[in-house]
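Here are a few short exercises to work through with the model open beside you. Try each task before you read its solution.

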Amino acid sequence: SGLTSQPSMGALVSVLAGTDLDTGIDKSSIGPLNTYWENVRSMYLPFESGQLSGSSDVYEHEIPGGQYTNLLYQSRQLGLTDRWPEIKRKYAQANVLLGDIPKVTPSSKVVGDLAQFMVSQNLEPDQVLAEAETLAFPESVVQYLRGEIGVPPGGFPEPLRTKVLSSRNLEGVDGRPGEALADYNFDEATELLTEKYGEKFVNEKDVLSHALYPNVFTEWKEFEAVYGEVGNLPTDLFLNPMKEGDEVEFEQSTGKRVIIKLVSIQPPREDGSRTCTFEVNGERWFMSVTDQSVVDSADIRRKASGPNEIGSPMPGVIVGLKVKEGDSVEEGDPLATLSAMKMETVIPATRAGVVKQVSVNV
């Protein structure tokens, strides 16, 4: 294939031609398909990994092809680009720590999350084992050790599993997790989602999406509440922001086409908002938007310092607070949930005490 995916259809058709496994496909009919997909791929340029060739070190780190490019992209978002070779080494070490497991979704994600955690915290395998009771492991690692995705063929790694679960007052799951899973009440879920989002915006697909991926569904609904229905936007327009003077035309609904021109973008105000002026079918619209690239110095969080302060183990966004000022906590109690590139980490208390100050919010 040249990179990390499967061989192209053209390559298979050609190599099997004239054999007992001849596909019967005319090679000349494949050319137009290649041209189409090459053009489609250009629209997704922002998501390209930048990888230009294959590498034989896959025999050392054993990262699955599909995860390789995802992990490379995640490492960039976490500010670990210059440590990519180290991440690959840590992936192999993390795999051994977790019991040398088969690496398929979702188990491969567990290994990748632990590898990036080890790199961001400068941890060696022996340190992970020695400090397992106090480390803020990614949530996927804790869930794996608890048994929420099943029992690995070689059993759970000890004493790592016992240390992680006991320090968090968790009990392991015996056998296949789905066996003890309660029936899902779709009627109740439909009622709750309808009450929250409105009957007009909830269908059977939404209910099923929420059942399978509740956090992702909630994030999508929050995005939809701000930006509306974006499904009709051309892909390249959605992925690549317009510049001043750009004009686009697309079909908003059956028989209804719109011509949109970005006339101007005003400088940012103190609160980070800008006024964008558009022409929609010749009519001027003025829209105030928040520019996420504008960071006010007042929003910069101070670093945790001293034994009684607890900070984030890596860059990310706080998506959940478990405590408030004045709460009493025991060592290992969850304080907050951090999200970074599809990886959630529960930050635990490193000692017993009373919460004096919370310097973040959701």
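**Exercise 1.** Decide whether Arg146 is buried, partly exposed or exposed, and find out which residue its side chain meets in a salt bridge.

*Solution.* Start with accessibility in this predicted model: Arg146 has a relative accessible area of 26%. Buried would need a value under 20% and exposed one over 50%, so Arg146 counts as partly exposed. Next, look at the side chain: Arg146 meets Glu148 in a salt bridge, at 3.1 Å from N to O. Finally, check the partner: Glu148, at 34%, is partly exposed too.

**Exercise 2.** Classify the accessibility of both residues in the salt bridge between Asp327 and Lys324.

*Solution.* First confirm the contact: the closest N and O atoms are 3.3 Å apart, and the cut-off for a salt bridge is 4 Å. Then take Asp327, whose relative accessibility of 21% makes it partly exposed. Lys324, by contrast, reaches 55% and is exposed.

**Exercise 3.** Which residue forms a salt bridge with Glu86, and how many salt bridges does the whole structure hold?

*Solution.* Follow the side chain of Glu86 to Arg83, with 3.0 Å from N to O. Arg83 is partly exposed, at 21% relative accessible area. A search of the whole structure gives 11 salt bridges.

**Exercise 4.** Describe how strands β1 and β2 pair, and locate the residue with a positive phi in their hairpin.

*Solution.* Begin with the ranges: β1 covers residues 247-253 and β2 residues 256-265. Their pairing is antiparallel, over six bridges. Within it, Val248 has Ile260 in β2 as its bridge partner. Now turn to the two residues between the strands: in this hairpin, Gly255 has a positive phi near 80°.

How values were computed
Residues numbered from 1 in each chain as written. Predicted model: local features only at pLDDT ≥ 70, side-chain atom pairs only at ≥ 80, totals over all residues. Heavy atoms only, no water. Buried < 20%, exposed > 50% of the residue type's maximum accessible area, 1.4 Å probe, protein only. Pairing = 2+ DSSP bridges. Helix = DSSP H or I, 4+ residues; strand = E, 2+ residues; numbered from the N terminus.
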